[in-house]
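Hi,

Here is the structure I promised to pass on. Please have a look at it first, and my notes follow underneath.

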Amino acid sequence: FPEGGLTQTTTTLTFSGKPSDAETITLISSDGTSLVYTAKSAGETLGSRFFNVGGTTAAAITSLKDCIENAAGHDGKITCSIDGSVLTLTQALGGTE
């Protein structure tokens, strides 16, 4: 491990288009919280971790970000930022490999 403690992990998701309806992504935060996020063409339901893919690709990326950051999602355990078609995910706390 690096000197001074554990490091935060960052990864990126690059969207070349919208996910298909019912496609899923599983994210695991450094404390072991494992949650599934599901693409839905019929709309967003943050509390159920359903993100909307019925509009544009940019809207789908924003919807996924909102689900991850929602209280029913990783709620601060994973932070998100968007740059064009790239969603960057960062662990709020460092973890082990």
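Let me start with a cysteine: C80 counts as buried, at 13% relative accessibility (buried means under 20% relative accessible area, exposed over 50% and partly exposed in between, with a 1.4 Å probe and protein chains only). Before the rest, some ground rules. This is a predicted model, in which local features need pLDDT of at least 70 and side-chain atom pairs count only at pLDDT 80 or more, while totals for chains, interfaces and linings use all residues. Residues are numbered from 1 along each chain as its sequence is written, and side-chain values use heavy atoms, with hydrogens and water left out.

Back to the cysteines. With a disulfide taken as a pair of cysteine sulfur atoms within 2.5 Å, the count comes to zero. C67 is in no disulfide, and the nearest cysteine sulfur, that of C80, is 10 Å away. Why is there no bond from C80 to C67? Because the two sulfurs are 10 Å apart, which is too far for a bond. C67 is itself buried, with a relative accessible area of 0%.

Now the sheets. Helices (H or I, at least four residues) and strands (E, at least two) are DSSP runs, numbered from the N terminus, and two strands pair if DSSP finds at least two bridges between them. One open sheet has three strands in the order β1-β6-β5, with antiparallel pairing. Its edge strands are β1 (10-14) and β5 (78-83), each of which pairs on one side only. The twist averages 20° from one strand to the next; axes are lines fitted to C-alpha atoms, for helices over the stretch in contact, and angles run from 0 to 180 degrees between N-to-C directions. Between β1 and β6 (residues 86-91) there are five bridges, and L13 has L87 in β6 as its bridge partner.

The other open sheet of three strands runs β2-β3-β4 with mixed pairing. Here β2 and β4 (50-52) are the edge strands, each pairing on one side only, and the twist averages 30° from one strand to the next. Strands β2 (residues 24-28) and β3 (residues 34-40) are antiparallel and share five bridges, with T26 opposite V36 in β3. Five residues lie between the strands of this hairpin, where G32 takes a positive phi near 95°.

Helix α1 (residues 57-69) lies across β1, β5 and β6, at about 165° to β5. The helix α1 also lies across β2, β3 and β4, running at about 155° to β4.

Finally, the core. A nonpolar core is a set of buried Ala, Val, Leu, Ile, Met, Phe, Trp, Tyr and Cys residues joined through side-chain atoms within 4.5 Å. The largest one has 16 residues, and those with the most contacts inside it are L27, Y37, F51, L64, I68, L87 and L89. Two or more residues come from each of β3, α1, β5 and β6, and α1 gives the largest share, five residues. Leaving aside neighbours within four places in sequence, L64 is in contact (heavy atoms within 4.5 Å) with L13, F15, I25, Y37, F51 and L87.

Best wishes
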